[in-house]
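Student: Could you take one part of this model and go through it closely, starting from a single pair of residues and working outwards to the elements around that pair? I would then like to see how the rest of the chain compares in outline.

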Amino acid sequence: MKTLSRNSPVAIVVGAAGFIGSNLVDNLLQKGVQVIGVDNLSKGRVINLDAASKHHNFSLIIENFSRTTFYDLARLDYLFIALPENLAEKELNQGLLNFASYLQQLKTKVLFISSTDIYSAQSNQQNLVNLEKAVANITLQKKLNARIIRTGVIFGPRMSFVHQDPLTKLLYKALTDQTINLSYDTLDFATAAVYINDLVNLLLKAVIKSNTASEVYDCVNNQPVALTEIKQILLDPIWHEKNNFKPTPQKIQSTPNLEKTEKSLTWQPQTDIVVALKQTMQYFQNHREILGEQINLSNQLEQKVQNFSQNIEQLTTPLLHEIEEKLPAPVLPIMQVQNNAEENLAKMKPQVEKSLGKTILDKDEFKDDSITNHLRLPRVKFSINPHHWPDRKLIKRSKNILLFSLGLAIILWAVIYPIGNVCYQAVTYNQHLQNSSLALSQGDFTKAQLENQQAKQGIEAISKIESSLVILRNINAFNQYFESADLMIQLGQQVNDGLAHAITGSQAFYQAMKVVSGEDDGDLSALIATSQTQTETADQIFGSLSARMSDPVFTQSVPTLIYPQIEEIKTSVIAYHQVASWGRVVMQVFPLVIDSQSNKNYLVVLTNNASLTPAGGRVVDYAQINFDHGKVKLGEAGDVFQLDQKQQLAINPPADLKKDLHLDSWSLQYAGTDPDFAESARNMVSLYSQESGQQVAGVLALDINGLHSLVQAVGSVNLPNNQTALTNANFDQIILHSEDRSIQQEALQASLNKLIFLNSQNWLRIFSLLSATTSQKHIQAFVADPSGEVILQDAGWAGSFPQQTKDQPGQRNNIVGLSENNLLGNQANLKIHRQISLKSDLSTDGQVSHQLAIAFANQNQAEATTTGNYNFRLNLYLSSATKLMSAAWGSQDVTKQMEALTDYGRAGYSVVLSLPENSSQTLTVTYQDYQPVSLNGGNLTYSQQFIKQPGTSGDEVTYQLSFPTNWRVVSAFGFTDNQKLQDKSSFTTDKTYQVLFGQQSLTGV
């Protein structure tokens, strides 16, 4: 989200991508208001925010209102909630409660946009009542400054054609070149519809005036217009505009609060009806793609019924055969039905009623069944010889069975076929999505766009099918199918949108790399700007989707019918988000690194994490990448040990190195002395400059795992000097077990060369692999430019060690950070495995005690005496307000050997340990927090963070947190067992465990 200025008003618009919300956003921006839009895009459209997205004062959060996380806003003047139709009461309650303290503290004016349907017997009336009650209740409880505006029919640019009011029908027919007819019951009908601009003016007036709090206002036109006159305007708008047409006065259609609106807010619609209709028509004529998506549901339903009438005779015979097979009793063909027909119907009734969620009426009453009348099933006539029937009573019963069975079969046919089509479209949607990803990874952007477009068409097909069945939403038996379709449409539209941005951004990045490598002469600045914008948008969309789909509440709510498809989409979304996030950071740093206006050099180092250091591993090889006014050149790789021999001056090493390794002078191979990579990188820059005489503007460090990921990403690389090709399959054999160290240098240079200069790469795979490797700290980056350093730190690429922060009331943040330094310089870390276990106990009086156990296993079995031994210095970083109680290395008490240290504002302890080959040992440390914890205001947020050391892999972490019996877990990690929270996982990245405690109620609930 963009940084907000304190000097301009700030507004949040919930439902920003909808018809009303988007027009409100545009108006607010024009008035100099900073706007944060919130929309989950289930109904809203991104295209509605096309103009707003280009405005520097607008930000969009793609999320449900109830789950949105706002930052600590310095001011929030207005909150507009424009979601009455598809907003659930629970979501509104949760959203308002989440930010009630903000709204109260910042004296925010809240406006909830409801509907005048609340006065009628509309199907959504009760939901509107509940929503307004929720607003009123929270307003009273939290003393908010809120008001409600109930709108009637609103029309204008971006409107929806789903609502079946007469004005909407006329506009739809005029736009789709249909004959504009008025039915007999609307000839003298007038519409009180309000143009969108007039509604927006009312919304702003309602929040600007200070005396509107806790009031309800109505928004309808107090000067209705006859539909016959609107028809004439639509048929000949130019004539009416030239002649300054004025509508004929109609009877005022007042509502309970309309008079108050006119007097208190001095509001009346001001837009000329001809101008309003003209602007509406022009908008949709210029956006035909939107009009194509607005399906007229009533026309589609009528067409469906008409199709049934035309095909009923063709369907009768096969349907009757199917019915005969499925009836529970031995029911014979129609002309052989005996007196057991009524008994068979009685047996079928409970099953049919259960599946339809409706009561089936008997005998003559069946013709009045609400389902049959609602569908307007055609009357079916059969030519049957009456002499074949035993009596008139049996004929009547048999006719009822036939009508019932036939009606049921038609309903099932009308439902099952579209539902099957939905499932088919869902499957093909996923296939097109996968094809698009594959094409993108291969650099075939045209095919990627085509496949994504076909996936989008599949979602549109699902939407159309669902719309055609809207009448069946009232039947409980079909709820799951509609929920499935709704979810597929909602997710599919967002995934398609995000992938479209990702494709455009990737293509721009691909072209930019060709310019940088000298293969093309395009506009580098424009390509970078396009890639930045598109990848950032893709990251926002996929980030929001990933968070939503990873929420257990969401997973539990997914209908069983489409669970496999949703899981496939979820997997894709998480992968897309990872790639988009990595790409976004690349494009943020890219222009700073290449600097098309100057010459910059960067150092690339390969560290051997088999010989572990605090920054990941001892530096063994190096290369240099040069950017000369935006053009890249890769320098030769070299051996760091040979470079160190060129050192002219003796540089005093850090105290630990001097004491542990007995060094008299500091050199590049020992530069990684700090667990905060930025500090180690500064050491590398300084030492490299002193030894080589060249200045560099940053460092990219890869350990052996990072180099392996790079080879996986770019594919096999040729090593001409060693007459071999390095692949993922033979990597360990060639790199780890070869005695020829020049292979590592050649592998580093060959991989970088292929990454930079061979642009027909699988960039999707590259971004995905390098993103994961970066998060695991096998690749770390540093740039001297302060702006770039901040970007890298925020992205987690800089290997930053977290500084101590002060706990806020109601919070406790603890940390465990490990940093090892191999003192023998051997390859022992190849076979070192760790299991980290922390048990924290929160006592009844608030005291916090911890027991940390780190089990080391040295599986080396080297022939030489010392090669397989692991002698290392361990630095243990904890929170500053902790007290060491005891430390033991196996059965040996090492408490007195634990040297206190202070770094990053934290308390720490340092100790030298030894682990012989083919042995295991556990370091056990107990410590306490100086300050107790308490349920501040009834709540406590407790978190425990584990910081992974760069260069390590394959370790495990187990965390257990015990808490008092009178504390209640509101939300937490892992699983709860007898007042304990527990979790165990692989330690591949930094991990944070967080739990929210509350006071246990007297009832134990």
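Tutor: Let us begin with Ile 12, whose bridge partner in strand 4 is Leu 79; the model is a predicted one, and what follows should be read in that light. The strands concerned are strand 1, residues 10–14, and strand 4, residues 78–81, which run parallel and are joined by four bridges. Both belong to an open sheet of seven strands, ordered 3-2-1-4-5-6-10, in which the pairing is parallel. At its edges stand strand 3 (58–61) and strand 10 (216–219), each of which pairs on one side only, and from one strand to the next the twist averages 20°. Across part of this sheet lies helix 1, residues 19–30, which covers strand 1, strand 2 (34–38), strand 3, strand 4 and strand 5 (109–115), and which runs at about 170° to strand 1.

A second sheet can be set beside this one. It is also open and has seven strands, but its order is 26-27-23-20-29-34-31 and its pairing is mixed. The edge positions are taken by strand 26 (899–903) and strand 31 (967–971), each pairing on one side only, while neighbouring strands are turned against each other by 25° on average when direction is ignored. At one of these edges, strand 31 pairs with strand 34, residues 991–999, in the antiparallel sense over four bridges, and there Arg 968 stands opposite Gly 998 of strand 34.

Helix packing can be followed in the same residue-by-residue way. Helix 20 (residues 563–594) packs with helix 28 (residues 786–795) at an angle of about 165°, their axes lying 10 Å apart; because angles over 145 degrees count as roughly antiparallel, helix 20 is described as roughly antiparallel to helix 28. Their crossing is left-handed. Helix 20 contributes Val 585, Gln 588, Val 589 and Leu 592 to the contact, and helix 28 contributes Ser 787, Gly 788, Ile 791, Leu 792 and Ala 795, a set that by class comprises six nonpolar, three polar and no charged residues.

As for the chain as a whole, its secondary structure comes to 28 helices and 34 strands, and 52% of its 1005 residues count as buried. Among contacts between residues at least 6 apart in sequence, 75% join residues at least 24 apart.

Key: Residues numbered from 1 in each chain as written. Predicted model: local features only at pLDDT ≥ 70, side-chain atom pairs only at ≥ 80, totals over all residues. Heavy atoms only, no water. Pairing = 2+ DSSP bridges. Helix = DSSP H or I, 4+ residues; strand = E, 2+ residues; numbered from the N terminus. Axes fitted to C-alpha atoms, helices over the stretch in contact; angles between N-to-C directions. Parallel < 35°, antiparallel > 145°, perpendicular 65-115°, else oblique. Left-handed = near helix turned anticlockwise from the far one by under 90°. Contact = heavy atoms within 4.5 Å. Nonpolar A, V, L, I, M, F, W, Y, C, P; charged D, E, K, R; others polar. Buried < 20%, exposed > 50% of the residue type's maximum accessible area, 1.4 Å probe, protein only.
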